[in-house]
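Hi,

Here is the model I promised to pass on. Have a look at it first, and my notes follow underneath.

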Number of protein chains: 2
Amino acid sequence: MLDERSRQVLRAVVQSYINKLEPVGSRFVTKEYALGCSPATIRNIMADLEDLGFLSQPHTSAGRVPTDKGYRFYVNFLGDAGEYGEQDAELKDCVCRFTRRLEGIGSDLNGMFVEVTNALSSMSNYIGVVMPPRPESTTFNRIDFIRYKADKVVAVLLTDEGVIKNKMLSVDAAFTQEDLNRIAAYLNSEYSGRTIDEIKSMLIKKMRQEKAAWDKLITRAIKIYEEATSFAEEDFFVSGLYDVMGLPDFSDMSRIREISRAIKDKHAILKLIEELSGVSGVQVVIGNENPVEELKGLSVVASTYKEGERPMGVIALIGPTRMDYSKAIYMVDAISKCISRTFEQRTEVV
Amino acid sequence: MLDERSRQVLRAVVQSYINKLEPVGSRFVTKEYALGCSPATIRNIMADLEDLGFLSQPHTSAGRVPTDKGYRFYVNFLGDAGEYGEQDAELKDCVCRFTRRLEGIGSDLNGMFVEVTNALSSMSNYIGVVMPPRPESTTFNRIDFIRYKADKVVAVLLTDEGVIKNKMLSVDAAFTQEDLNRIAAYLNSEYSGRTIDEIKSMLIKKMRQEKAAWDKLITRAIKIYEEATSFAEEDFFVSGLYDVMGLPDFSDMSRIREISRAIKDKHAILKLIEELSGVSGVQVVIGNENPVEELKGLSVVASTYKEGERPMGVIALIGPTRMDYSKAIYMVDAISKCISRTFEQRTEVV
DNA sequence: ATTAGCACTCTCATGTCGAGAGTGCTAATC
DNA sequence: GATTAGCACTCTCGACATGAGAGTGCTAAT
């Protein structure tokens, strides 16, 4: 597709633009990257690359800047993410230390996710995102109900993966703690090991089938379970907005505000990440490839973590189009694999 | 201290600076506020106010801008926060609607706090902060332990006020659910109604006193309780960082980044709010009065909410020095009172 | 095919200038 | 004696010009 030297030039431009954030000129390329030819030659090649849509010029006489297509080519064919760790020993070290720590955290998934987002963002200076396991892939472990004051019940939901969720429910006052225990016992004995969503549909089906002839307790159980598992909003973990503000890419406020808004209503990110979930390997979405309006102009590097073969959730880095893809890919890959590993360990032990 | 007309001028300057964010000149004052005298007179008065330290000039020939001292005088003597609601019917309406909604939320304190921060920030465009009740003033209602996998236990802590906290504990594998139930039953029967901190010190004392001759169960109970109530970090609720970025005061990035950082490590805010807590009525800290380095240049309007006479926590608005104090004071006052009211209702019902 | 040379273009920092806004001071006025 | 009108003065800000610097495209030579 591109001859060797053109590739080298493209790589040079992408890499030095990522580092310096300044349009890169032909002279600079010859100086920093020993390609064995003069600026003029580079200029010709660059002109070709521009015609092909890989590079562009901010104005007539500035250096070149990669286009989305340029980044895409770089990521697909020129990146060396696999060996990134070899070059940046410090980062590799960080990641290693972190993965070891993660393995020590054990079953407190919420805690783990917080750690992961923080690690992602602080090591990369981009925005770290972690999507916890989706309800259709979380396995119900047990639910408990605690009576609290006259008409309130606290539901505590545990999953095999370790996510704890709790919710305060308003119930009609007729429930005693005894009732609640029976409901919980019923749900636990009957449904432990299935996914949250499975259970939901099973319960609904059951209710339809045997409608009238149904134990009062069970109808109650269904109702209360439904209320307990309807968690307001699919939540995810974010961190690093503040670090990202330090990047020179976002020196103007308006961009930042956009991003903040996008993250605040979560909708856009959720949508994007959902599209990326399930596919294995690291996914990269660059700039305007982004299907979601609010995130155009940002790049996303994401990877799905799994329990065995079952995809659970997604971790991602969101940064400027000019992000250090090699680094990001390396990190996301390493950490998602690490998360998967902790899941395996867990299931082994139990 | 200041004759009537000087006060009027000071008020005029503060108010129009708050609205316009532009240095206000003598001509403008005579036009907008009918004080019955000419620009020249105003100039003289302004010069006096400047000598007294209430106003300052950004440069020789710009209008005047209030100093911290100026704002302070305004807040103390010129504000009309009490009747603020009369002027801004829309806001009053908002606050009313919101308080009514709050009363409907009931016992889900966490949910309530989220609502409150959101309301604070969205109605004011400043940063809303809510400090939940401190451990020394939260009343233990009950604790439950749920056995989860081999060596993990989930502790669920409920307080009278409705705060739910849960934590996954690693315990030695010897515990059966029976054991856990007995421990919980012991703690619940013995200590329900006391504050979290009281209980902690009581337990420690007990353990010391009767050291050797102590039921194995109880020593375990103590250990497990301690672990369960040691919550990593005193947390509080924040919202509105993104809105505040829209304010012209923060058009330069660096300020925003500072603030973000301050909020991120929470330490500074915690420290400040703690200093303000317990005092009744609305507290105002203006700009450099702020004892905490990171927050200098910002103003804080805070108020303590109570259960009966016992102070529970603090709500606050953080904004630029040039914030609309009357409005902020009105809001913080109204909402903190409303929170207190919901506490009363709750205790009545139970 | 590559390269040296050169004219050309565009940005950016700097400097100058005039308009506009607001002040301080002085002298006149009520 | 307080207030006001008038005026010179100061400072900011945008518009405009200028020149240095960086980088290009093209052409002719290698």
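**DNA strand D**

Of the atoms of DNA strand D within 4 Å of the protein, 72% belong to sugar or phosphate, and the rest belong to bases. Before I go on, some housekeeping: this is a predicted model, so local features need pLDDT of at least 70 and side-chain atom pairs count only at pLDDT 80 or more, while totals for chains, interfaces and linings use all residues. Residues are numbered from 1 along each chain as its sequence is written, chains are lettered from A and ligands numbered from 1 in the order in which they are written, and side-chain values use heavy atoms, with hydrogens and water left out.

Back to strand D. There are 20 residues around it, and A:Ser26, A:Ser61, A:Arg64, B:Thr41 and B:Thr60 come nearest (a residue is near a strand if one of its heavy atoms lies within 4 Å of it). Three polar contacts are worth pulling up on screen (pairs of N or O atoms within 3.5 Å). A polar side-chain atom of B:Thr41 sits 2.3 Å from a phosphate oxygen of DNA strand D, and one of A:Arg64 sits 2.9 Å from a phosphate oxygen of that strand. A:Arg43 goes to a base instead: a polar side-chain atom of this residue is 3.3 Å from a base nitrogen of DNA strand D.

Which helix gives the largest share of the surface near DNA strand D? That is helix 3 of chain B, with four residues. Helix 3 (39-52) of chain A and helix 3 (39-51) of chain B each supply at least two residues of this surface. Helices here are DSSP runs of H or I with at least four residues, strands are runs of E with at least two, and both are numbered from the N terminus.

**DNA strand C**

For DNA strand C, 72% of the atoms within 4 Å of the protein belong to sugar or phosphate. Here 19 residues lie around the strand, and A:Thr41, A:Thr60, B:Ser26, B:Ser61 and B:Arg64 come nearest. An N or O atom in the side chain of A:Thr41 is 2.3 Å from a phosphate oxygen of DNA strand C, and for B:Arg64 the corresponding distance is 2.9 Å. A:Ser38 uses its backbone: an N or O atom there lies 3.2 Å from a phosphate oxygen of DNA strand C. On this strand, helix 3 of chain A provides the largest share of the nearby surface, four residues.

**How the two chains relate**

Chain A superposes on chain B by a rotation of 180° with 0.0 Å of shift along the axis, at an RMSD of 0.1 Å (least squares on the C-alpha atoms of residues with pLDDT of at least 70 in both copies). That is the relation of a two-fold axis. In chain A, A:Met253 has the C-alpha nearest the axis, 3.3 Å from it. Both copies use the same surface, as 100% of the contact residues of chain A recur in chain B (contact means heavy atoms within 4.5 Å).

**Inside chain A**

The domain assignment gives domain 1 (4-78), domain 2 (81-134 + 234-349) and domain 3 (136-229); such bounds come from an automatic or database assignment. The C-alpha centres of domain 1 and domain 3 of chain A are 60 Å apart.

Now the sheets, where two strands pair if DSSP finds at least two bridges between them. One open sheet of chain A has five strands in the order 7-3-10-9-8, with antiparallel pairing. Strand 7 (237-239) and strand 8 (282-285) stand at its edges with a single partner strand each, so one side of each has no neighbour in the sheet. From one strand to the next, the twist averages 15°. Helix 7 (residues 109-124) of chain A packs on this sheet, touching strand 3 (127-131), strand 7, strand 9 and strand 10, and its direction makes about 155° with that of strand 3 (axes are lines fitted to C-alpha atoms, for helices over the stretch in contact, and angles run from 0 to 180 degrees between N-to-C directions). Strand 9 (residues 298-307) and strand 10 (residues 310-320) of chain A run antiparallel and are joined by 10 bridges, and A:Ser299 stands opposite A:Gly319 in strand 10.

Chain A also has an open sheet of three strands, in the order 4-5-6 and again antiparallel.

Cheers

Methods: Polar contact = N/O pair within 3.5 Å; in protein donor to acceptor, adjacent residues only side chain to side chain.
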